[in-house]
Amino acid sequence: MPSFSLCVYCGSRLGTTPGFTAVAADVGRWIGEHGGQLVYGGGNAGLMGVVATATLAAGGRVVGVIPHALVEKELAKLDCTELHVVDNMHERKRMMAERADAFLALPGGIGTFEELFEVWTWRQLGYHDKPIGLLNVDGYYDPLLAFLASSVRHSFMSDWQMDLIRVGDDAPALLNRLIEAAAVASPRTSLSQI
Ligand code: AMP
């Protein structure tokens, strides 16, 4: 039984900065060394593959959830502890959310943005009470955070909605905050209704 289960959203590419790969490896190693479980998109590419490989190497469990279509493109990481092949993206994202105690987004592209915003939206609507983190490696998310602040200034968002995500640039510190918050989060969840 893992001590916690963390869903990580991140790029299917490595990005330009070696720091992204290093932090992805740090996050995977931290999960494994703390007896945790990684839940993720089940791919082998980019930062996704780096996190999963590092988690396994450090003795952690890895739960991959991938749709048929991506397995057929031979993009699945076949040595996951559990690899769930599901029918479509909706089923995949629901299973990832259900299997997680907390969520963490690392640098990535539109897939990562979509996953972060979706789980954030579900949280504001009360479908779950699980903590959400955004790891701002090398200032990658500074422009997004500036835009979100602008959205608050324009009254399309509220401070309480911003407060639903924990932003940090230090991986171990943010991971600790997420796991501590997950331990006291309400078990109330209605993800089956999404
Ligand atoms: P992106 O940030 O656009 O690279 O997309 C990465 C996110 O979308 C990951 O967190 C995955 O859940 C999903 N994803 C995108 N591409 C793949 C892939 N080749 N294999 C598995 N999942 C993927």
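## A tour of the pockets and the parallel sheet

Begin at the largest pocket, whose volume is about 630 Å³. This is a predicted model, in which local features need pLDDT of at least 70 and side-chain atom pairs count only at pLDDT 80 or more, while totals for chains, interfaces and linings use all residues. Residues are numbered from 1 along each chain as its sequence is written, and side-chain values use heavy atoms, with hydrogens and water left out.

On a 1 Å grid over the protein atoms alone, a pocket is an open set of points where a 1.4 Å probe fits, with protein on both sides within 12 Å along at least five of seven lines, and lining residues have an atom within 4 Å of a point. Grid points are joined across faces, edges and corners, and a volume is the space filled by probe spheres set on the points.

**The largest pocket.** Select Cys10, Gly11, Ser12, Met48 and Gly111, which are the closest to the centre among the 30 residues that line the largest pocket. Then colour strand 1 (5–9), helix 2 (46–57), helix 4 (89–99) and helix 5, each of which supplies at least two residues of this lining; helices (H or I, at least four residues) and strands (E, at least two) are DSSP runs, numbered from the N terminus. Helix 5 gives the most, with 5 residues. By class, the lining of the largest pocket has 16 nonpolar, 10 polar and 4 charged residues, where Ala, Val, Leu, Ile, Met, Phe, Trp, Tyr, Cys and Pro count as nonpolar, Asp, Glu, Lys and Arg as charged, and the others, Gly among them, as polar.

**The second largest pocket.** Move next to Asp101, Lys130, Ala182, Ala183 and Ala185, which lie nearest the centre of the second largest pocket among its 13 lining residues. The volume here is about 180 Å³, and the lining divides into 6 nonpolar, 3 polar and 4 charged residues.

**The sheet.** Now display the strands alone: an open sheet of 7 strands has the order 4-3-2-1-5-6-7, with parallel pairing, two strands being paired if DSSP finds at least two bridges between them. Strand 4 (82–86) and strand 7 are the edge strands, each pairing on one side only.

**Strand 3 and its neighbours.** Select residues 61–67, which form strand 3; 6 of its 7 residues are buried, so this strand is largely enclosed by the rest of the structure, buried meaning under 20% relative accessible area (1.4 Å probe, protein chains only). Strand 2 (residues 37–40) runs parallel to strand 3 and is joined to it by 4 bridges, with Leu38 opposite Val62. The chain passes from strand 2 through helix 2 to strand 3 in a right-handed β-α-β crossover; right-handed here means that, with the strands pointing away from the viewer, the path from the first strand over the helix to the second runs clockwise. Towards strand 4, 5 bridges hold the parallel pair, and Gly64 stands opposite Leu83.

**Strand 6 and its neighbours.** Finish at residues 132–135, strand 6, where both faces are covered: Ile132 and Leu134 on one side, and Gly133 and Leu135 on the other, are all buried. Strand 5 (residues 102–105) runs parallel to strand 6, and 3 bridges join them. The chain crosses from strand 5 through helix 5 (residues 110–124) to strand 6, again as a right-handed β-α-β crossover. In this pairing, Phe103 has Ile132 as its bridge partner, and Ala105 stands opposite Leu134. To strand 7 (residues 165–168), also parallel, strand 6 is joined by 4 bridges, with Gly133 opposite Arg166.

How values were computed:
Buried < 20%, exposed > 50% of the residue type's maximum accessible area, 1.4 Å probe, protein only.
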